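Reader: Could we go through this chain together? I should like to begin with its sheet.

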Amino acid sequence: MRVKSWNPIDQETKFMNKQLFPLCTLLIILSGCSLAPRYDRPDAPIPSAWPSGAAYGENLASAGISAATDIQWRDFFTDERLRTVIEIALDNNRDLQIAALNVQKARAMYGIQRAELFPTVNAAAGAMKGRVSTSSFGGGGGVNVEQYSVDLGISSWEIDFFGRLRNLKDQVLEEFLATEEAQRSVQISLIFGVANAYLSLAADRENLLLAQTTYETQKKSFDLIQKRFDVGVANELDLRRAQTQVDAARVDISRYTQLTAQDENALNLLVGASIPASEDLLPEALDDVAAPQNITAGLSSEILLNRPDILVAEHQLKAAYANIGAARAAFFPRISLTTTFGSASGDLSDLFSSGTDTWNYAPQIVTPIFDSRLRSAYKVSKTDKEIAVSQYEKAIQIAFREVADALAVQGTVNEQIFAQQSLVEAFARSHDLS
């Protein structure tokens, strides 16, 4: 008959397993607790419909016209050269690069905070050699002592009973998502800025050509009056009037020469690189730029909630909610665990022999009794949430105002163009008759 030997280490292991298994199960159940308030999106403080009236015209979607949310920027801008300039800007603009790097940084910060939920396992090896005096035990001299150890363990792992670490993780996650939306917002602003600078350059170059043509015409008229004045046919008043027209045209040439140079500098800054003139990407006049596609705002003002700047404010609001949960959890006990197991021996050759194993298990509970900072921190988190709500609502109102202004421009610009064309034709006819 074979008798199984009794191993005290196996018995201790079984005892620890019986004790630790229910405790670990309880920790897992309690770790699902969260003290963060439930997030409810605030009602948008704007009308559900876009403004109407004489300035807005018909803003509803019509046949053959795309809604603003259904079109990409490459489809909106139909001019091929402008699209090329925008693509160069998307590759080289420094603000967009900084926004992308901020996203990478926020992602890394989220990884750091998320790692707090998991234990950190470390391996350590040590050796000690020394001499201990034996005179205190009635003898003389001393004895040499050696100690070698190898350990693998967890040091001060906080078990997230009440969701403090998870709420901090959620807060950093929302900040990361807000940074991503901020990058989208920077990209949209960059595309708009490049297109606006491109069209401004085209308009100022056209004005420069017009000023040069006007100067040549006025100069010819002045030369003719100068000859008539020299022979006594025209008086000096007519001569000085003609000279004022020439000087005014010269001023316009200087002014638009300056503006075109500044427009090119602004465009190069947005693009992030100098646009070579040899590539013929810059326009000579507005007529050289193809008009963008017509779009409508859509049927409801709720589409504003998808704008990146509003999503940034909403993610920041969610982060404030998570911060409240972390502040609430700070009032409750924190439980941390330190445990190691390994091997220790007075002889290096016996370090991994039977009977040299070591272990320790040291849970710790820290309960706040009196800490006046906790309540103040909780009040700060609630105030931050109220601030974030106001900022979110303000972002919606600003977006509504911007769209309403754009719709007012869209509803009146055609009438302005027709009236300006009629004015130009009337001045031209008056000049011909004069």
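Author: Certainly. In this predicted model, an open sheet is built from four strands, arranged in the order E2-E3-E5-E6 with antiparallel pairing.

Reader: Which strands are the edge strands?

Author: Strand E2, residues 121-133, and strand E6, residues 357-366, are the edge strands; each of them pairs on one side only.

Reader: And what does the twist average from one strand to the next?

Author: The average twist is 25° from one strand to the next.

Reader: Over how many bridges do E5 and E6 pair?

Author: Strand E5, which covers residues 334-345, pairs with E6 over ten bridges, in the antiparallel sense.

Reader: Which residue in E6 does Leu337 stand opposite?

Author: Leu337 has Pro363 of E6 opposite.

Reader: Turning to the whole chain, how many helices and strands are there?

Author: The secondary structure comprises eight helices and six strands. Along the sequence, these elements follow the pattern α-β-α-α-α-β-β-α-α-β-α-β-β-α.

Reader: What share of the residues counts as buried?

Author: Of the chain's 434 residues, 28% are counted as buried.

Reader: And the accessible surface of the chain, what does that come to?

Author: The accessible surface amounts to about 27,900 Å², and carbon and sulfur atoms contribute 56% of this area.

Reader: One last topic, contacts: what percentage of those with a separation of 6 or more involves residues 24 or more positions apart?

Author: Among the chain's contacts with a separation of 6 or more, 82% are between residues 24 or more positions apart.

How values were computed:
Residues are numbered from 1 along each chain as its sequence is written. This is a predicted model: local features need pLDDT of at least 70, side-chain atom pairs count only at pLDDT 80 or more; totals for chains, interfaces and linings use all residues. Side-chain values use heavy atoms; hydrogens and water are left out. Two strands pair if DSSP finds at least two bridges between them. Helices (H or I, at least four residues) and strands (E, at least two) are DSSP runs, numbered from the N terminus. Axes are lines fitted to C-alpha atoms, for helices over the stretch in contact, and angles run from 0 to 180 degrees between N-to-C directions. Buried means under 20% relative accessible area, exposed over 50%, partly exposed in between (1.4 Å probe, protein chains only). Contact means heavy atoms within 4.5 Å. Accessible areas come from the Shrake-Rupley method with a 1.4 Å probe; for residues, only the protein chains shown count as cover.
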